[in-house]
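The following report covers chain symmetry, domain layout and selected secondary structure elements. Please read it alongside the sequence and the structure shown here.

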Protein chains: 2
Amino acid sequence: MSSPARLTDRYQLTMLAAYAESGHAGRRAVFELFVRRLPSSRRFLLACGLGRALALLDGLAFTPGDLARFDRDPVLGPALGRPRVRALFEGLRFSGRVFAVPEGRVAFPGEPLVRVEGTLAEAQLVETLLLSIVNHDTRVASKCARIALAARGRPCLEFGTRRAHEQAAVDAARAAYIAGFAGTSNEEAGERWGVPVTGTMAHSYVLAHAADAGEDGEREAFASYAALFGAATTCLVDTFDPLRGVERAAEHVGGALRGVRLDSGDLLALSRGARERLDRAGLDRAGVVLSDDLDELKIAALLDAGAPVSAFGVGTMAVATPDTPSLGAVYKLVALEDASGAMVAVQKRAPGKGSSAAPKQVHRQGFEDVVGLATEAGEGEPLLVEALGPGAAYDRSTEAARARAQADLAALPEALRSLAPRGDGEGFPVTVSPALARVQAEVARAGRVTL
Amino acid sequence: MSSPARLTDRYQLTMLAAYAESGHAGRRAVFELFVRRLPSSRRFLLACGLGRALALLDGLAFTPGDLARFDRDPVLGPALGRPRVRALFEGLRFSGRVFAVPEGRVAFPGEPLVRVEGTLAEAQLVETLLLSIVNHDTRVASKCARIALAARGRPCLEFGTRRAHEQAAVDAARAAYIAGFAGTSNEEAGERWGVPVTGTMAHSYVLAHAADAGEDGEREAFASYAALFGAATTCLVDTFDPLRGVERAAEHVGGALRGVRLDSGDLLALSRGARERLDRAGLDRAGVVLSDDLDELKIAALLDAGAPVSAFGVGTMAVATPDTPSLGAVYKLVALEDASGAMVAVQKRAPGKGSSAAPKQVHRQGFEDVVGLATEAGEGEPLLVEALGPGAAYDRSTEAARARAQADLAALPEALRSLAPRGDGEGFPVTVSPALARVQAEVARAGRVTL
């Protein structure tokens with residue numbers, strides 16, 4: 001397994017070395033991670049990834065193996081020959097403080113999702129790793145929250161493993177679960193994250209029984225599965241004729257049948273036909289599971305039309321999130337200790353990209369958010385909490401994150417819950433406090449402001 | 001580290017158990033992995049992922065830890081109590097044969113990228129893992145090949161780590177390198193895959209020096225980096241005024257300056273201004289590196305306009321591939337041994353999804369491909385080679401894959417190399433042999449055909 005300290009961009013390492021030589025490495029610094037914008041199809045973010053990130057920050061250090069690799073490198077090797085650089089690399093641990101929007105909370109573009117306070121060296125080093133984790137997990141969770149809302153209480157199952165990198169898939173399952181999905185097909189996500197693991201069967205399973213008997217093999221396929229798995233049997237019925245498949249499942253599995261899955265065709269008509277046949281067979285507790293490139297809009301349309309669905313399987317759309325394939329979160333230095341020991345707010349000159357300077361806090365009153373200076377009192381609930389550091393009392397568990405999401409999503413007002421795209425100029429319920437605006441205007445003018 | 005055998009969908013495990021009980025587990029089976037379609041923006045695939053996949057198949061087995069987890073599971077546990085199921089799970093190794101399009105070769109939708117021949121149990125089990133790997137790596141490599149072609153020989157550097165899951169990023173760097181990128185920012189990709197690792201500096205690095213001196217701190221930032229890294233110094237010049245940044249880099253780094261990087265603004269105008277200032281300072285060997293959400297179309301437009309660029313940094317577009325965020329490759333059972341010992345071609349009844357039945361080979365003559373039966377002689381070069389099995393003489397190395405890509409991309413005819421979208425009805429240079437068409441028509445009619 002790779003050292004987490006090496007899951008990073010090379011320039012973090014060269015900058016670290018340069019900070020060691022120039023004497024900047026130990027200066028206090030504040031970085032913030034935030035999403036700049038969202039496509040018009042989206043109305044909110046669901047913060048996700050923090051639990052995973054904190055676990056990696058806890059033990060972050062360069063291993064002897066890392067240092068040996070750096071020593072062999074033609075660029076890093078000579079730099080590590082310098083005593084100050086070597087001392088920094090050998091001694092580096094993450095000992096900073098992390099303030100963050102707890103996993104599972106609703107958040108918006110322009111709000112810091114994570115604020116890291118520490119030495120310049122440690123806070124700089126974690127940039128890439130934090131971005132990789134939070135970009136990925138928040139991207140998946142934000143989409144899955146919409147999908148779960150669209151399903152109106154019916155369970156959604158995450159089936160996207162084959163559409164994601166094999167390791168990303170395990171964490172995508174966690175993000176989907178936090179966002180309200182009921183479970184995943186991903187076996188490892190059960191072990192690693194405690195996500196309920198579920199599954200049905202593949203077309204190949206039914207086809208395997210058709211090699212001998214043709215389409216009649218479907219009977220054997222269903223019966224032999226049920227003989228082994230009893231009440232955990234959901235039959236995939238659309239390998240041949242879907243409604244004939246429902247009849248075979250009803251007949252050959254009978255009372256044990258948990259459900260039937262339809263994965264192609266006219267899902268509305270087929271789900272009605274399937275429901276009718278199950279009811280006719282007296283299997284009113286057997287459900288109809290739908291899958292086939294479903295997203296929140298297709299799910300809403302099916303339910304609006306009255307499709308009798310008991311659960312949705314969602315794969316590609318949950319993990320590849322085609323309407324926002326990259327979240328584009330960034331991580332910016334917002335304040336730094338100067339030579340006199342004072343903290344100074346800084347930012348890149350960035351026409352059109354908004355302001356990022358100064359450490360911030362978000363205060364929320366009923367999903368109306370005010371972004372202010374971290375030192376401002378503010379009214380309402382402070383959204384960022386200390387997640388790592390001396391004052392941290394943060395529950396990193398996946399279940400806690402899921403509970404937070406459940407609470408936030410249940411309280412979401414209609415304007416944010418809507419699946420309709422935002423209109424022209426329709427933004428997010430976020431304003432900037434006068435004090436923060438003053439500091440940012442001054443930084444834009446003067447390049448830096450002493451805090 | 002998780003056991004690769006657990007990086008899978010739950011249903012692979014339940015199907016395995018059912019195959020053990022029904023006696024199907026040991027039957028010979030053939031599965032094929034292929035991409036059904038591509039968006040009109042694309043003209044070819046670059047096969048990628050095989051090298052990684054083979055390394056995992058080699059040692060594939062359920063570990064004692066895996067079995068202990070399955071035993072605790074309420075669904076799997078009882079099934080594993082059955083002797084035949086237990087024996088299958090405990091003894092399972094991948095001992096099948098893999099035929100595949102070598103990594104780095106150009107391929108098209110409708111062509112098998114991987115054909116797996118083995119027992120039904122082993123060939124079924126690897127479905128999810130193969131799809132996760134090949135979907136991800138081929139998706140990234142296919143996009144990066146277009147980007148590298150657009151750059152017309154100028155080096156492209158993969159900077160997308162922060163836009164990808166932290167583990168996916170390491171393998172995305174490999175895929176980009178195979179497709180023709182010159183290097184990556186991903187530190188771990190250097191160690192794991194031998195990809196050249198490179199980097200410049202971040203805006204935060206320059207800002208860190210501005211806390212004391214304001215914008216003049218840029219001088220110190222450049223000078224102190226160059227003092228440590230000499231000729232490996234590429235200065236990020238757009239933290240404040242980009243062209244003033246170029247002048248500072250030229251003055252304070254001087255002859256050691258490898259290049260300047262521009263990451264925002266009007267890249268065409270700025271690259272010209274940067275080139276001019278570098279030349280004026282006598283630094284004609286220092287290059288101009290451009291980044292900022294670049295893709296193949298933006299790169300082509302910059303070069304068409306004569307932008308004096310020496311290298312491109314490409315991040316989001318290379319790893320998130322927004323025009324095809326999921327490749328949608330599938331893995332289908334195409335033939336199976338029946339009770340009499342004969343091999344039978346099978347397929348799902350799938351209106352509109354094309355035919356998949358029967359084991360196939362692709363023959364290529366100058367990028368005109370014919371997909372035929374695996375047993376057909378065919379004319380031209382057979383595209384799938386034995387990559388795992390008794391006859392395998394396949395070079396899995398990343399360098400070999402990169403060399404194959406270089407050769408294929410250099411030979412690509414203009415019609416495939418074009419960055420323009422395919423027109424209405426413009427497909428791919430792929431036809432189906434009469435013999436395969438006959439078998440598939442017969443399977444569509446009869447459900448199965450003895451081969």
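Two strands are taken as paired if DSSP finds at least two bridges between them. Helices (H or I, at least four residues) and strands (E, at least two) are DSSP runs, numbered from the N terminus. This is a predicted model, in which local features need pLDDT of at least 70 and side-chain atom pairs count only at pLDDT 80 or more, while totals for chains, interfaces and linings use all residues. Residues are numbered from 1 along each chain as its sequence is written, and chains are lettered from A and ligands numbered from 1 in the order in which they are written.

**Strand E11 and its partners**

In chain A, strand E11 (residues 311–314) pairs in the parallel sense with strand E6 (residues 156–158) over 3 bridges; here A:Leu157 stands opposite A:Gly313. E11(A) also pairs in the parallel sense with strand E10 (residues 287–290) of chain A, over 2 bridges, and A:Val289 stands opposite A:Ala311. A residue is buried if 20 or more other C-beta atoms lie within 10 Å of its own, exposed if 12 or fewer, and partly exposed in between, with C-beta atoms placed from the backbone. In a regular strand the side chains alternate between the two faces of the sheet. Both faces of E11(A) are covered, with A:Ala311 and A:Gly313 buried on one side and A:Phe312 and A:Val314 buried on the other.

In chain B, an open sheet of 6 strands has the order E7-E6-E11-E10-E9-E8, with parallel pairing. Its edge strands, each pairing on one side only, are E7 (183–184) and E8 (233–236) of chain B. Helix H12 (residues 242–252) of chain B packs on this sheet and touches E8 and strand E9 (257–262) of chain B; the direction of H12 makes about 170° with that of E9(B). That angle is taken between N-to-C directions, on a scale from 0 to 180 degrees, using lines fitted to C-alpha atoms, for helices over the stretch in contact.

**Helix H10 of chain A**

Helix H10 (residues 203–213) of chain A is mostly covered, as 9 of its 11 residues are buried. Among them are A:His203, A:Tyr205 and A:His209. Just after H10(A), A:Gly214 takes a positive phi of about 65°.

**Domains and chain interface**

By an automatic or database domain assignment, chain A is divided into domain 1 (4–139 + 328–450) and domain 2 (143–320). Their centres, taken over C-alpha atoms, are separated by 39 Å. Residues are in contact if their C-beta atoms, placed from the backbone, lie within 7 Å. On this basis 16 residues of domain 1 of chain A touch 18 residues of domain 2 of chain A. H16(A) gives the largest share of the domain 1 side, 6 residues.

Between the chains, 85 residues of chain B are in contact with 85 residues of chain A. Helix H1 (residues 10–22) of chain B supplies the largest share of the chain B side, 9 residues.

For the classes below, Ala, Val, Leu, Ile, Met, Phe, Trp, Tyr, Cys and Pro count as nonpolar, Asp, Glu, Lys and Arg as charged, and the others, Gly among them, as polar.

| Side | Nonpolar | Polar | Charged |
|---|---|---|---|
| Domain 1 of chain A, touching domain 2 of chain A | 6 residues | 4 residues | 6 residues |
| Chain B, touching chain A | 38 residues | 27 residues | 20 residues |

Chain B can be laid on chain A with an RMSD of 0.0 Å by a turn of 180° and a shift of 0.0 Å along the axis. The two copies are therefore related as by a two-fold rotation axis. Superposition is by least squares on the C-alpha atoms of residues with pLDDT of at least 70 in both. The copies meet through the same surface, because 100% of the interface residues of chain B are also interface residues in chain A.

Notes: Contact = placed C-beta atoms within 7 Å.
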